[in-house]
Amino acid sequence: MPSWSTFADAAPALAQRARARLDAHVHKTLATVRADGSPRISGIETRWLEGDLYVGSMPGARKALDLRRDPRFALHSGSEDPPAWPGDAKLAGVAHEVTDDEAVRLAILAGTPDADAHVFRLDLREVSTVHVEDDVLVVEVWTPARGLRRIERT
């Protein structure tokens with residue numbers, strides 16, 4: 001499964017737009033899968049380290065335990081209210097817990113607050129952005145299998 005840097009090499013313009021939307025807000029929304037299979041929504045912050053995207057959480061946090069058990073996730077960028085809405089970014093994929101001491105140290109230096117924090121690298125199954133151009137809703141989607149697609153809805 002591709003990392004952010006692999007995705008960015010494959011679809012640089014979409015990666016630039018998605019990253020701009022992700023970087024526009026400190027807080028994002030992370031969806032994980034609970035033990036009973038139901039969804040959990042949590043607030044989260046992301047970090048960019050050496051071209052890849054990471055999340056961290058406090059030791060023992062439910063979202064981290066969810067990701068350890070079932071690594072599938074969805075991430076939403078956060079959004080302004082209309083009419084000033086510039087669009088959103090959405091990612092889906094698999095979170096890989098980082099246990100290597102150096103990688104965890106880098107994550108902590110980048111802002112993860114606790115030395116015992118859970119740190120996950122986000123690998124991608126899908127990246128999309130949505131925005132409006134001339135009263136047309138534009139959805140751009142990238143997947144490793146299908147590449148880049150543009151969908152317009154009027």
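## Serine 128

In this predicted model, serine 128 touches Asp88, Ala89, Lys90, Glu140 and Val141, leaving out residues up to four places away in sequence. Serine 128 itself belongs to strand 7, which covers residues 118-133. Its relative accessible area is 8%. Because buried means under 20% relative accessible area, serine 128 counts as buried.

One distance can be added for this residue. Alanine 84 is 44 residues from serine 128 along the chain, and the C-alpha atoms of the two are separated by 20 Å.

## Strands 7, 8 and 9

Strand 7 and strand 8 run antiparallel and are joined by 7 bridges. One pairing links threonine 129 to glutamate 140, its bridge partner in strand 8. Glutamate 140 also appears among the residues that serine 128 touches.

Strand 8 pairs with strand 9 as well: these two strands run antiparallel, with 7 bridges between them, and strand 9 spans residues 147-153. Threonine 143 stands opposite glycine 147 in strand 9. The connection from strand 8 to strand 9 is a hairpin of 3 residues.

How many of the 8 residues of strand 8 are buried? The count is 7, so strand 8, residues 136-143, is largely enclosed by the rest of the structure.

## The turn between strands 7 and 8

The hairpin of strand 7 and strand 8 has 2 residues between the strands. Aspartate 134 lies in this loop, and aspartate 135 is found there too. For aspartate 134, phi is near 50 degrees, a positive value in a residue other than glycine. Aspartate 135 is not a glycine either, yet its phi is positive, at about 65 degrees.

Are these two aspartates buried or exposed? Aspartate 134 is exposed, with a relative accessible area of 75%. Aspartate 135 is exposed as well, at 73%. Both values pass the cut-off, because exposed means over 50% relative accessible area.

## A cis peptide bond

Proline 82 and proline 83 are joined by a cis peptide bond, with omega at about 10 degrees. Proline 83 is placed in the loop between strand 5, residues 72-76, and strand 6, residues 88-97.

## Aspartate 66

Helix 3 runs over residues 62-69 and includes aspartate 66. With a relative accessibility of 3%, aspartate 66 counts as buried. Apart from neighbours within four places in sequence, aspartate 66 is in contact with Thr32, Val33, Arg34 and Arg40.

## The whole chain

The protein contains 4 helices and 9 strands. Along the sequence, their order is α-α-β-β-β-β-α-β-β-α-β-β-β. The radius of gyration is 16 Å, close to the 15 Å that the globule rule gives for 154 residues, so the protein is as compact as a globular protein of that length. Along the principal axes, the C-alpha atoms fill a box of roughly 50 × 30 × 30 Å.

Of the 154 residues, 45% are buried. Contacts between residues at least 6 apart in sequence can be sorted by their separation: 57% of them join residues at least 24 apart.

## Surface and charge

The protein exposes about 8,300 Å², and carbon and sulfur atoms supply 51% of this area. Its side chains include 20 positive and 24 negative ones. The centres of these two sets lie 5 Å apart.

How values were computed. Residues are numbered from 1 along each chain as its sequence is written. This is a predicted model: local features need pLDDT of at least 70, side-chain atom pairs count only at pLDDT 80 or more; totals for chains, interfaces and linings use all residues. Side-chain values use heavy atoms; hydrogens and water are left out. Buried means under 20% relative accessible area, exposed over 50%, partly exposed in between (1.4 Å probe, protein chains only). Contact means heavy atoms within 4.5 Å. The radius of gyration is taken over C-alpha atoms; the globule rule is 2.2 Å times the number of residues to the power 0.38. Accessible areas come from the Shrake-Rupley method with a 1.4 Å probe; for residues, only the protein chains shown count as cover. Lys and Arg count as positive and Asp and Glu as negative; His and the chain ends are not counted. The place of a charge is taken as NZ of Lys, CZ of Arg, CG of Asp or CD of Glu. Two strands pair if DSSP finds at least two bridges between them.
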